[in-house]
Amino acid sequence: MKLSELISPAMRHTGMGAVMNGASFVTRLLPFPQPTLMVGPGSSARLGESIAGMGYQKILIVTDAIIVKLGLTKALTQALEAGGVAYVVFDRITPDAPIPLIEEGLAFFKEHDCDAIVAFGGGSAMDAAKVIAVAANNPKPLRALAGYFKGRNSPVPIYAVPTTAGTGSEVTVAAVVSDPERHKKLVVMDLRVVPRMAALDPELMTGLPPAITAATGIDALTHAVEAYLGKWATAYTDSMALSAVGMIFENLPVAYADGRNLAAREKMALASTYAGLAFTRANVGYVHAIAHQFGGLYHTPHGLANAIMLPHVLDYSAPVATARLAQLALRAGLGREDESEDDLADRFIAGVRELNRRLGIPTTLDALREEDIPALAQAACEEALLGYPVPRYMDQATCEAIIRKVLPRAGAGDADAAPRKRKTAPRKAATKAAAKTAAKTASTAKKAAPRARKPRTVA
């Protein structure tokens, strides 16, 4: 029997909340490193110049073949050459880099006697580089490195050049890789995998296709939103998350419509980094827990999976996160200070759906199959229960119902297009009695539970 099946709903909502509050105190004491950031056009060349002056013998550049073919690494490598530093390129990274590929990269690192790594690409390249860096100084099976602080020795030095504005991996303490044998994602967590320096160069992002711009942008939005709604949020993570949300709502549609807009690309790169700074400290939630299962089983791109699930998880969290959702709406420019928190919370969730629609994000997941849903939900519940400080915990049945909303059936998107009443789930101060009376007459429910929310109008 799984842990999530052994824990009652009451303990899930109260006991795990207490556990996460204690964990929050610990996380605030951890010395999270922050890389030196170089921002703006040409910053990848400036990073190369800085690395060249640090005395390394040979640099491993971890990237993918398309980035090399497009010549995006050229400014960096020319700077390394001018500084007299040797380098080799491992350009075999694929989305959700699997363990066997990481092992190839590790062997390549050792074969060429490298002593530092530059991650150049999207989240998969950065995560692969982090795991190679940990494994290079900690000889053990890669699966044994999954989890918290499993490497005794420090990783080799890491530097990063993100080419998408989404993952925020250039500032995070985590690396996610896929385990094809078990159809799962593995997470390596270590404060020391944060890159020492990172270049946010918008010139490298101008050629991104609109679909990738959209999915990675909503990935960054998800990081910011889940960090802001979670129980580990601090004043610092709140400021980073709110800044990211405002910048994304303003600039993502611009970057999507005009990929060569350098100003919008640069602001999206910053927003992704701000969101990364927020969630690497405050963590994420059920959107990621579910998206990781989609990625492990169906190889769904992570940003796309997050984008599809985000509005549904927000619907579920809304009854206990109204005030915070209202603040997100204000920062996103979706409402006014004189509006009620209920209305603003509605406005934010509707705004996320509308943003998804404008960006061409689908409302369903084509690969999802009904028979897979119980296992997907169980794994997602386990992941969240054991590590995420979510505002409201789910049981198995609830998680299954939420996943079922994105099944690729005829008319699946209609529910998102029509007004719906809010769920009657109680807010923080509610009790079991309130939950029971919600099913009785309206007058009885009105006495036992918080005031009913207005119907939500969803674009």
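Is D190 buried or exposed? In this predicted model, D190 turns out to be buried, with a relative accessible area of just 3%. Its salt-bridge partner is R192, and the closest N and O atoms of the two sit 2.8 Å apart. R192 itself counts as partly exposed, at 32% relative accessibility. Salt bridges that share partners also join R143, D179, E181 and R182 into one network.

Zooming out, the chain has 459 residues, and buried ones make up 57% of them. Its secondary structure adds up to 19 helices and 9 strands. Of the contacts between residues at least 6 apart in sequence, 79% join residues at least 24 apart. The accessible surface runs to about 19000 Å², with carbon and sulfur atoms accounting for 57% of that.

Back to the charged pairs: the structure holds 14 salt bridges. Side chains of opposite charge can pair when their charged atoms come close. One such pair is R143 and D179, whose closest N and O atoms are 2.8 Å apart. R143 lies in the loop between α7 (123–136) and β5 (147–148), while D179 belongs to strand β7 (residues 174–179), so this salt bridge ties together parts that are 36 residues apart in sequence. Here D179 is buried, at a relative accessible area of 1%, whereas R143 is partly exposed at 30%.

Another pair is E104 with R92, where the closest N and O atoms are 2.1 Å apart. This one links helix α6 (residues 99–111), home of E104, to the loop between β3 (86–90) and α6, where R92 is found, the two residues being 12 apart. Both partners are partly exposed: E104 has a relative accessible area of 34%, and R92 comes in at 46%.

Among the strands, β9 (residues 197–200) is covered on both faces: M197 and A199 on one side are buried, and so are A198 and L200 on the other. Strand β1 (residues 36–39) pairs with β9 in the parallel sense over 4 bridges, with L37 taking A198 as its bridge partner. Strand β6 (residues 158–162) also runs parallel to β9, joined to it by 2 bridges. On that side, A160 stands opposite A198.

As for the helices, α14 (residues 341–358) contains N356. This asparagine is buried because its relative accessible area, 6%, falls under the 20% cut-off. Leaving aside residues up to four places away in sequence, N356 touches I218, A307, P311 and I361.

Conventions. Residues are numbered from 1 along each chain as its sequence is written. This is a predicted model: local features need pLDDT of at least 70, side-chain atom pairs count only at pLDDT 80 or more; totals for chains, interfaces and linings use all residues. Side-chain values use heavy atoms; hydrogens and water are left out. Buried means under 20% relative accessible area, exposed over 50%, partly exposed in between (1.4 Å probe, protein chains only). Contact means heavy atoms within 4.5 Å. Accessible areas come from the Shrake-Rupley method with a 1.4 Å probe; for residues, only the protein chains shown count as cover. Two strands pair if DSSP finds at least two bridges between them. A salt bridge is a side-chain nitrogen of Lys or Arg within 4 Å of a carboxyl oxygen of Asp or Glu.
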